[in-house]
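Grab a pencil and work through the exercises below with the structure open beside you. Try each task yourself before you read its solution.

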Amino acid sequence: APVVGRPSSVVSEAPAVTSIGTLEDADKMPRRVPVPSLRPTLDLCQPTGVTLDENSRVVVMLDQGGVGKALVNRLQKRNVTALVIDEPLSAEALDTRLKAWLSEGAIQGVYWLTALDVEPAIEDMDLAGWREANRVRIKNLYTAMRALYDSVHGPNTFLVSATRLGGLHGYGEVGASAPLGGAVSGFTKAYRMEKMLGEGGKGTLVKVVDFETGRKTAEPADQIIAETLTDPGIVEVGYNNGQRYTVTLVEKPARDGQPGMDLNKDTVFVVTGAAGGITSAIVTDLALASKGVFYLLDLVAAPAHDDENVRLFRTDKEALKRKLIDEAKGRGERPTPAMIDKQ
C-alpha cells in the first residue's frame with residue numbers, strides 16, 4: 001500500500017488542531033470488556049430443536065487429532081449420514097464436492113473441526129505456513145458455508161465449529177493456546193449474526209465450541225453433539241477444567257491505576273487505514289498527546305503537499321465546492337450536492 005505522509009521538505013500551512021474530546025469524555029461511555037462466564041450444565045438448558053437421525057445428512061470436516069473420527073462414529077450410531085472430508089482440499093475442489101453432495105439431497109448441518117489441530121508457535125511459522133493454516137481453518141470454512149448457504153438455512157439446520165483456544169475462547173488469564181482458531185470463532189459469530197438478521201432471530205443453530213489442549217477424542221465428540229442438541233441461547237461455549245463457560249460483557253473503566261505507556265516525541269506509531277474518519281480522529285489525539293513519529297498506511301494515495309484542493313479544504317470549503325462543481329460541469333456532468341460533499 002502507498003505510504004501516506006512521506007517525509008518531505010515542503011511544509012504546508014495548516015490551522016491549529018485541537019482534540020475532539022478528553023479522557024473524561026470517553027469515561028462517560030460504558031466500556032464493556034468480554035470475560036468468561038459460567039454457563040449452566042446442559043441438563044438445565046432447553047433443546048435447540050435440532051434432530052440427528054436417519055433423515056440427517058451432515059458434513060464433517062475432520063481434524064487430524066481424532067475428534068472428528070469419534071464424532072462420525074457417534075453420528076453413525078444415530079443413523080446420520082456423515083459426509084466426511086478428511087483432507088485440506090483446495091477451495092475449488094471443496095466447492096465441487098459439496099455441490100455434488102447437494103445434488104443428491106439437502107444437507108442439514110456442518111461440523112467444522114480443523115481448528116482443533118495443534119498450531120505451530122507464531123514465531124516458528126513462515127508466511128507461507130501461516131497462510132496455509134488460515135486457508136485450511138477459515139477460508140475453506142467460508143467456501144463451505146457459501147456453497148451450503150441455502151441448504152443450511154432455517155429450523156433444524158446448523159453450523160457447529162470447534163476450536164482449541166483453551167476452553168475460554170482466549171479470554172482467560174493465559175490467553176489463547178491456538179490463536180489461529182480465533183478466525184474460525186470470528187467467522188462463526190459473524191455467520192450467526194447474518195443468519196439472525198435473515199431469519200428473524202430464529203432458525204439455523206450456530207455455535208463455536210472451544211476446548212483445552214489435550215489428546216482426548218471421545219469426550220469432545222460427545223460434547224459437540226450435546227451442544228448441537230441443547231442450549232440455543234448462546235453462540236460461544238467452552239469447556240475448561242470440567243466447567244462449561246460462555247463469554248459475557250462486564251463494564252470496566254479504562255483507568256486501572258497503572259502508569260501505562262509513556263507517549264513522547266520518540267514514540268513511533270504505525271497506523272493502517274489512516275484515511276478513515278475515526279482513524280484520523282484517533283491519530284489527531286495521539287499526535288497531540290505524544291508529538292511522536294507516525295507512519296500512516298492506506299490504500300488511498302497521498303495528495304501532493306501543495307495540492308490546491310487540500311489548501312481550499314483547509315481554508316475555504318465553499319470555494320472548494322464551487323471549484324468541484326465547475327470541474328464537473330466542464331466534464332459534462334450534472335453535479336449533485338451529495339456528489340460534491342463526497343468528493
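**Exercise 1: Strands side by side**

Asn240 stands opposite Gln243, a residue of strand E9. Keep in mind that you're looking at a predicted model.

Task: Find how strand E8 and strand E9 run relative to each other, parallel or antiparallel, and how many bridges join them.

Solution:
- Step 1. Locate strand E8 at residues 236–240 and strand E9 at residues 243–251.
- Step 2. Follow their directions: the two run antiparallel.
- Step 3. Count the links, and you get three bridges between E8 and E9.

**Exercise 2: The whole sheet**

Task: Work out the strand order of the open sheet, then name its edge strands.

Solution:
- Step 1. Walk across the eight strands and you'll read E2-E9-E8-E7-E6-E5-E3-E4. The pairing along the way is mixed.
- Step 2. Look for strands that pair on one side only: these are strand E2 (32–38) and strand E4 (81–85).
- Step 3. Check the twist, which averages 25° from one strand to the next.
- Step 4. Now add a helix. Helix H4 (residues 127–147) packs on the sheet, where it touches strand E5 (109–112) and strand E6 (158–163). The direction of H4 makes about 175° with that of E5.

**Exercise 3: A salt bridge across the sequence**

Task: Explain why the salt bridge between Arg74 and Asp222 ties together parts that are apart in sequence.

Solution:
- Step 1. Check the distance: the closest N and O atoms of Arg74 and Asp222 are 2.6 Å apart. The cut-off for a salt bridge is 4 Å, so this pair passes.
- Step 2. Place the partners. Arg74 sits in helix H2 (residues 67–77) and Asp222 in helix H6 (residues 218–229), so the bridge connects parts 148 residues apart in sequence.
- Step 3. See how open they are. Arg74 has a relative accessible area of 21%, so it's partly exposed. Asp222 is partly exposed too, at 42%.

**Exercise 4: Two more pairs and a network**

Task: Sort the members of two further salt bridges, Lys321 with Asp341 and Asp266 with Lys265, into exposed and partly exposed.

Solution:
- Step 1. Start with Lys321 and Asp341, whose side chains meet at 3.6 Å, N to O. Lys321 belongs to helix H9 (residues 317–330) and Asp341 to helix H10 (residues 337–342), 20 residues apart.
- Step 2. Apply the cut-off: exposed means over 50%. Asp341, at 53%, is therefore exposed, while Lys321, at 32%, is partly exposed.
- Step 3. Turn to Asp266 and Lys265, with closest N and O atoms 3.6 Å apart. Asp266 reaches 57% and counts as exposed; Lys265 is exposed as well, at 59%.
- Step 4. Zoom out. The model has 19 salt bridges, and a network of them links Arg39, Lys207, Glu227, Asp231 and Arg244.

**Exercise 5: A loop and a dose of caution**

Task: Find which residues Val17 contacts beyond its neighbours within four places in sequence, then decide where to read the model with care.

Solution:
- Step 1. Find Val17 in the loop between strand E1 (3–4) and helix H1 (23–27).
- Step 2. List its contacts beyond those neighbours: Thr284 and Leu288.
- Step 3. Look at Asp285, 268 residues from Val17 along the chain; their C-alpha atoms are 9.4 Å apart.
- Step 4. Check confidence. The chain averages a pLDDT of 90, and 94% of the residues score at least 70. Over residues 1–11, though, pLDDT is below 50, and this stretch has 17 contacts beyond near neighbours in sequence.
- Step 5. Draw the lesson: where pLDDT is low, the predicted coordinates shouldn't be read in detail.

Terms used
Residues are numbered from 1 along each chain as its sequence is written. This is a predicted model: local features need pLDDT of at least 70, side-chain atom pairs count only at pLDDT 80 or more; totals for chains, interfaces and linings use all residues. Side-chain values use heavy atoms; hydrogens and water are left out. pLDDT is the predictor's confidence in each residue, from 0 to 100. Contact means heavy atoms within 4.5 Å. Helices (H or I, at least four residues) and strands (E, at least two) are DSSP runs, numbered from the N terminus. Buried means under 20% relative accessible area, exposed over 50%, partly exposed in between (1.4 Å probe, protein chains only). Two strands pair if DSSP finds at least two bridges between them. Axes are lines fitted to C-alpha atoms, for helices over the stretch in contact, and angles run from 0 to 180 degrees between N-to-C directions.
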